[in-house]
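Work through the exercises below with the structure open beside the text. Each one sets a task and then solves it step by step.

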Amino acid sequence: MDWYVIDAVEVAYERTKRCLFEPFDLWKWVKFAIILMLVGGGSGHGGNSFNSFSNSMDSDYGSGYGSDYNPLDSIGDTFDSIFSAAVMAIIALVLFLIIIFMYVSSVMEFVLVESLVSNSVKFWEYTRRFLGKGFQLFIIRIAALLLSLLVLAVLLLPFVLLFGMPSGDYFWLSFIGGMMLVIFLVIIFAVIASVFGSFISMSIPIALYHNVGVLSAIMEVLRKFKLDWQQIVVYWVGRAVLGIIVGIAALIVMMLAILVTLLPFLIVDGILYLLLSLVLSGSEWIVLVPFILVEVILFIIVMALVSMPFGAFLKYHMLSFVEKWYLEAGIPFDQGIDLKA
């Protein structure tokens with residue numbers, strides 16, 4: 001019996017090579033790197049501060065100033081309330097940005113698949129085309145996230161209860177046992193989340209090229225899974241091994257890139273610092289900081305470019321597997337990379 005996860009490795013390698021190196025196009029690499037980056041996942045004190053502020057207002061304007069009134073207390077309570085409101089605003093902004101990024105990431109999933117399949121990166125055209133399907137995937141991810149948080153809360157409940165237990169002769173034994181149970185449950189939860197994530201990834205080309213909704217595509221993948229579950233189980237194991245191998249290779253390449261880019265940056269910064277210290281005694285950092293910021297941006301760009309082929313290879317591997325496992329998928333690979341898994 002042929003295992004498609006193994007057969008897809010060579011096909012994915014050839015498709016990655018032909019897409020990124022035959023011919024080499026730096027601008028194409030940059031666009032793929034951007035897409036892959038966009039793809040890749042109150043406290044009680046605040047309440048007390050609000051109550052304190054309300055009480056001080058009641059005291060000031062409701063019953064008049066007492067003999068022990070201190071205006072500094074009112075100012076401190078006011079600043080405390082403003083600080084709490086600012087923290088809440090920052091938290092709300094962070095949550096809003098996370099939601100926006102999740103939607104952008106969902107759209108970019110479709111943009112990445114279409115770019116790899118067509119061997120042509122039309123960033124804005126594909127983005128406009130897949131706003132709707134990206135929104136469907138976004139809603140599914142939000143629902144999965146809320147469900148995950150609920151399950152995580154249930155998993156952490158025994159740990160919380162352990163902290164509420166009175167200390168005794170068997171406290172640490174119970175604590176260690178509870179921690180081991182929580183770790184085991186979290187591992188199980190992570191495995192289940194990975195399985196669900198793989199179903200979503202395989203449903204994206206189905207939703208694209210069958211012109212169906214994302215939820216319908218997921219149901220199609222699940223239906224196929226019931227008929228041929230052995231290939232998927234081996235796929236999960238194979239992907240785990242392949243992910244480790246690709247991760248090690250990517251780490252080696254990135255370490256080499258760090259040596260090539262970071263060392264020259266450090267040398268240039270050192271020379272520039274010495275020269276500036278001779279002219280601007282004590283103020284050299286004012287000039288040096290903008291250079292460092294530019295170098296950090298360049299460093300991030302280099303890391304994204306050198307790591308991009310590994311992400312493209314893994315996505316090609318998934319597409320090549322789906323092409324063979326789900327024959328009805330009909331993924332229309334460009335003729336230049338049209339290899340059968």
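**Exercise 1. Place Ala-329 in the chain, decide whether Ala-329 is buried or exposed, and list what Ala-329 touches.**

Solution. Begin with the position in this predicted model: Ala-329 is found in the segment after H10. Next, take the relative accessibility, which for Ala-329 is 2%; a residue is buried when this value is under 20%, so Ala-329 counts as buried. Then look for the surroundings: once residues up to four places away in sequence are set aside, Ala-329 touches Ile-206, Tyr-209, His-210 and Val-322. For one of these, Tyr-209, the separation from Ala-329 is 120 residues in sequence, while the distance in space is 7.0 Å from C-alpha to C-alpha.

**Exercise 2. Describe the secondary structure of the chain and say how confident the predictor is along the chain.**

Solution. Count the elements, which come to 10 helices and zero strands. Then turn to burial, where buried residues account for 32% of the 341 residues in the chain. The confidence comes last: the average pLDDT of the chain is 81, and 79% of the residues score at least 70. Among the elements, the lowest mean pLDDT (40) belongs to helix H3 (residues 44-62), and the highest (93) to helix H5 (residues 123-129). Over residues 41-67 the pLDDT is below 50, and this stretch has 20 contacts in the model beyond near neighbours in sequence.

**Exercise 3. Compare the spans of helices H2 and H9 with the spans expected for them, and name buried residues in each.**

Solution. Take helix H2 (residues 26-39) to begin with: its 14 residues reach 20 Å from the first C-alpha to the last, close to the expected 20 Å. At the start of H2, a side-chain oxygen of Asp-25 comes to within 3.1 Å of the backbone nitrogen of Trp-27. The buried residues of H2 include Trp-29, Phe-32, Ile-35, Leu-36 and Val-39. Helix H9 (residues 229-279) has 51 residues and reaches 71 Å, close to the 75 Å expected at 1.5 Å a residue. Among the buried residues of H9 are Ile-232, Tyr-235, Leu-242, Val-246 and Asp-269.

**Exercise 4. Find which residues Ser-105 contacts, and decide whether Ser-105 is buried or exposed.**

Solution. Locate Ser-105 in helix H4 (residues 71-118). Its relative accessible area is 2%, and therefore Ser-105 is buried. With neighbours within four places in sequence left aside, Ser-105 is in contact with Leu-38, Val-39 and Arg-141.

**Exercise 5. Classify two aromatic pairs, and say which parts of the chain the pair of Tyr-316 and Phe-333 ties together.**

Solution. A search of the whole structure gives 16 aromatic pairs. In the pair of Phe-123 and Trp-124, the ring centres are 4.9 Å apart and the planes stand at 85°; since an angle over 60 degrees counts as edge-to-face, the pair is edge-to-face. Phe-123 is buried at 16% relative accessibility, whereas Trp-124 is exposed at 59%. The pair of Tyr-316 and Phe-333 is tilted, with 6.5 Å from centre to centre and 35° between the planes. Because Tyr-316 lies in helix H10 (residues 284-325) and Phe-333 in the segment after H10, the pair ties together parts that are 17 residues apart in sequence. Both Tyr-316 and Phe-333 are buried, and Arg-15 lies over the face of Phe-333, at 3.6 Å from the ring centre.

Technical notes. Residues are numbered from 1 along each chain as its sequence is written. This is a predicted model: local features need pLDDT of at least 70, side-chain atom pairs count only at pLDDT 80 or more; totals for chains, interfaces and linings use all residues. Side-chain values use heavy atoms; hydrogens and water are left out. Helices (H or I, at least four residues) and strands (E, at least two) are DSSP runs, numbered from the N terminus. The expected span of a helix is 1.5 Å times one less than its number of residues. Buried means under 20% relative accessible area, exposed over 50%, partly exposed in between (1.4 Å probe, protein chains only). A polar contact is a pair of N or O atoms within 3.5 Å; within protein, one must be able to donate a hydrogen and the other to accept it, and residues adjacent in sequence count only if both atoms are side-chain atoms. pLDDT is the predictor's confidence in each residue, from 0 to 100. Contact means heavy atoms within 4.5 Å. Rings of Phe, Tyr and Trp (its six-membered ring) pair if their centres lie within 6.5 Å; planes under 30 degrees apart count as stacked, over 60 as edge-to-face and the rest as tilted. A charge sits over a ring if NZ of Lys or CZ of Arg is within 6 Å of the ring centre and within 35 degrees of the ring normal.
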